[in-house]
Amino acid sequence: MIEVRGVTKTYGKKQNTFTALDNVSFTIPDGASVAILGKSGSGKSTLMHAMSGLDRPEVGEVIIDGKNILKMKQKEVDAFRSTKMSFIFQSFFVQANESCFDNVSLPLEIADVPFGKRREMIEKTLAAVELLDKKKSRARDLSGGQKQRLAVARAIVNNPRVLFADEPTGNLDSATGEVVEDLLFGYNKSTGSTLVIVTHDPELADKCDIRIHIKDGKIESITEPHKKTDAPRPAVRKIQ
Amino acid sequence: MKIQDTIRRAGRSLRQAKARTLLTSLAIGVGAFTITLAFAAGAGGRAYAEDIVSSNTNVREIYVQPKQDAQNDPSKPKEYSEDPTISFGGGFTAKLMKQSDIDKIAKIDGVESTTPQYTVTIKYVTRSGQKKYTANVESFNASVKQEYAAGNSNNLTKDQVIIPDSFREALGFASANDAIGQTIQIVADKGGMAMPESQSFDYKIAGVVKPSALAVSASSGILLHKDAALELYNYTQQGTPLFGNYYGVLVTAKENVDVKDLKERINSQGSYDAQTAEDLMSFIFQFINVLQGILLGFGALAVLTSIFGIINTQYISVLERTQQIGLMKALGMRRRDVGRLFRYEAAWVGFLGGVIGSGLAIGAGFIGNPLISDALNLGKTHLLIFDPLTVTAVILGLMLVSVGAGMLPARKAAKLDPIEALRTE
């Protein structure tokens, strides 16, 4: 479960302050897929950064697995990110000069996974994104869709509990984008991990369990389009 | 992140910028080349000097002189002393060793033998039908290595002589073999006589000494048996006031006795100034060390210059890889590990530079050694000696220097804000 409580993030000093997040609170249950929607500059990326501990807002709490990651030491947050979370970015950020194998190996190395275990994990994951035959190819030789699949492989190789995707299909055409979406939702459903997608694409957002609309740093609405009416408890509620 | 993974990633990053890595390491390689050569020349020079020392002197020998007065100001009158002295004029004097001093030293524990040092002043050396030549006459010392063109010094007797090859030629022998067994005359003045009186002494040539690259002076004099030399000395000095007093005495230590300890024991016995062979030859080592120091200085200068090259390259590398650093930090890589990655890259550059530089230096030594030995007529002696330990130490040292140089860029990389870094497009 991810609990966000009263998170406020401001940039700048004194007269020039800009509030990127204004007292944002919500709860995401385990295994949910969440879309954070909003226009550019609405604060949706800042929210993702705060939820993943990349950014550290001065006010509020982000509680994951019962721990407030905003109060953790940098070392603990790093360890947390390397073992429990992962990221996918709009512009892939795969290492062009490295082979697909080495790209996927990076998070395992960072998380101190023993050398002997890595090969199997990497090959299994590459097979899952259908890139096993490209194992030794350099990332720069891949197409855009392949690069994002490689990024997905890198993100899921260490079995994270939370997967953050920042506009994962923003640089892809609809066909290749769909493949990547299927991979993300497939991982979300099959492992019961939480998927947080930052997007402004309503079609992609439609596929998520929960949609959080952000406007000017505030939550405009939280909707659950697929929620069955007889659900025993609300999966998420807006806290004011 | 595990160390070996960091090292591997650092190496891989460098391979991706091959030209830049190579150029940066070449800069440090120039330093490595010079430093390795400096150490090789120093080691070779010292080994060569040790050869000279051991071929000209016996390491078990200690040369003892009386301690000269500290107050030796020629402008002031000096108190008279019963001790024998010689004066050089202008008020400068030197004390001499008495026979009683020599007897005292001979009794010190660890002393095998004592040989008083004197110079035999002869008039000339000649042979029938040849010109007369002045010459130094020394008493033969078996511990000084000699190379013989003909004959040898085995069983040298009182009536035999060993001459250098230059005298063989001057005295008109066609070859060294022709000279063996022939007779030469040494003519000397009798000492203590009012009227000059000379006598001629005959010696048979037992050996002809080759000119040696290693010898400083040993082969330039005419060598006589110890007793023959003493006889000549007595002939020329008896009756003069300084007879029986010597400039110094050569003490030979017993085997397995530490020469330095014995030197201390001799000095503690009285007002003596004892010097080991090593002390006497120390000027050579000093000279070599100064030369090595100068070369090392040049090497250090080259390394200093290359430090700025490394800092510059690494800064550019950090800028180029902002995104990569951001991604690694987003994936949970710790500051410490990011800094380490860049420091290891710098270490790789230092390693590469060290290996290239010292490799070239060893190659240069391989080619240069025979040429140098040929040019200086050193025979099989090599002036450049590469000690694997020194070379390893040079490489390790340069790696450390590189890591030091990579510190600032590594800090910059470690401090990068991942959000900012990932925003860079």
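In what order do the strands of the open sheet in chain A stand? I looked this up first. The order is β6-β7-β8-β3-β9-β10, 6 strands with mixed pairing. I took helices (H or I, at least four residues) and strands (E, at least two) as DSSP runs, numbered from the N terminus. I counted two strands as paired if DSSP finds at least two bridges between them.

I note that this is a predicted model, in which local features need pLDDT of at least 70 and side-chain atom pairs count only at pLDDT 80 or more, while totals for chains, interfaces and linings use all residues. Residues are numbered from 1 along each chain as its sequence is written, and chains are lettered from A and ligands numbered from 1 in the order in which they are written.

**Sheet, chain A**

I checked the edges. β6 (85–88) and β10 (218–223) of chain A each have a single partner strand, so one side of each is left without a neighbour in the sheet. From one strand to the next the twist averages 20°. Helix α1 (44–52) of chain A packs on this sheet and touches β3, β6, β7, β8 and β9 of chain A. The direction of α1 makes about 155° with that of β8(A); angles run from 0 to 180 degrees between N-to-C directions, and axes are lines fitted to C-alpha atoms, for helices over the stretch in contact.

I then followed β9 (210–215) of chain A, which runs antiparallel to β10(A) and is joined to β10(A) by 5 bridges. A:Ile214 stands opposite A:Ile219 in β10(A).

**Helix α9, chain B**

Is α9 (322–330) of chain B mostly covered or mostly open? I found 7 of its 9 residues buried (20 or more other C-beta atoms within 10 Å of a residue's own, C-beta atoms being placed from the backbone). Among them are B:Ile325, B:Leu327 and B:Met328. The cover includes β6 and α3 of chain A, together with α10, α11 and α12 of chain B. B:Gly332 follows α9(B) and has a positive phi, near 100°.

**Contact of the chains**

I counted residues as in contact if their C-beta atoms, placed from the backbone, lie within 7 Å. Chain B gives 17 residues and chain A gives 20. On the side of chain B, α9(B) gives the most, with 5 residues.

**Helices α8 and α11, chain B**

I looked last at α8 (277–320) and α11 of chain B, which pack at about 35° with their axes 9 Å apart. Residues of α8(B) that meet α11(B) include B:Val303, B:Ile307 and B:Tyr315.

How values were computed. Contact = placed C-beta atoms within 7 Å. Buried ≥ 20, exposed ≤ 12 C-beta atoms within 10 Å, placed from the backbone.
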